[in-house]
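Work through these exercises with the model open. Try each one before reading its solution.

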Amino acid sequence: VTGASFVVFNGALKTSSGFLAKSSIVEDGLMVQITRETMESLRQALRDKKDFRITCGETDAGDVKEYVDICWVEEEEKTNKG
């Protein structure tokens with residue numbers, strides 16, 4: 001689990017790169033590089049307020065995978081408002 005101040009989703013990852021998706025820590029945030037198709041699915045999930053999982057790693061890496069989960073929660077945080 002990684003806490004981040006911001007998340008950047010970059011939809012320019014080529015399918016020929018050999019990666020499903022890539023995640024990396026940038027400054028105090030997270031950058032997730034995904035394919036155009038995954039970006040479209042992510043946008044739809046956000047519009048529909050649905051949870052979404054991005055599987056990161058090499059296409060042929062076997063069982064070694066990393067995940068970026070976008071989850072909607074019921075409770076609203078009362079800290080850090082304003």
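Exposed means over 50% relative accessible area, and buried means under 20%. The model is predicted.

**Exercise 1.** Find which exposed residues sit on the face of α1 turned away from its buried side.

Solution. Apply the cut-off of over 50%. That face carries R36, E37 and R47.

**Exercise 2.** Check the length of helix α1 against its expected span.

Solution. Helix α1 covers residues 36-47, which is 12 residues. At 1.5 Å a residue, α1 should span 16 Å. The end C-alpha atoms of α1 are 17 Å apart, so the two values agree.

**Exercise 3.** Determine which residues of α1 are buried, and on which side they lie.

Solution. M39, L42 and A45 are buried in α1. They cover an arc of only 125° around the axis, so they lie on the same side of α1. An α-helix has 3.6 residues a turn, so residues three or four places apart point the same way. The cover over the buried residues of α1 includes β1 (7-10), β4 (52-58) and β5 (66-70).

**Exercise 4.** Place M39, L42 and A45 in the largest nonpolar core.

Solution. This core has 12 residues in all. M39, L42 and A45 are among them, as are L30, F52 and V68. β3, α1, β4 and β5 each supply at least two residues of the core.

**Exercise 5.** Decide whether T35 is buried or exposed.

Solution. Locate T35 in the loop between β3 (29-33) and α1. Its relative accessibility is 7%, so T35 counts as buried. Beyond four places in sequence, T35 touches G11, L13, T15 and L20.

How values were computed: Residues numbered from 1 in each chain as written. Predicted model: local features only at pLDDT ≥ 70, side-chain atom pairs only at ≥ 80, totals over all residues. Heavy atoms only, no water. Helix = DSSP H or I, 4+ residues; strand = E, 2+ residues; numbered from the N terminus. Expected span 1.5 Å × (residues − 1). Buried < 20%, exposed > 50% of the residue type's maximum accessible area, 1.4 Å probe, protein only. Arc of directions from axis to C-beta. Contact = heavy atoms within 4.5 Å. Core = buried A, V, L, I, M, F, W, Y, C linked by side-chain atoms within 4.5 Å.
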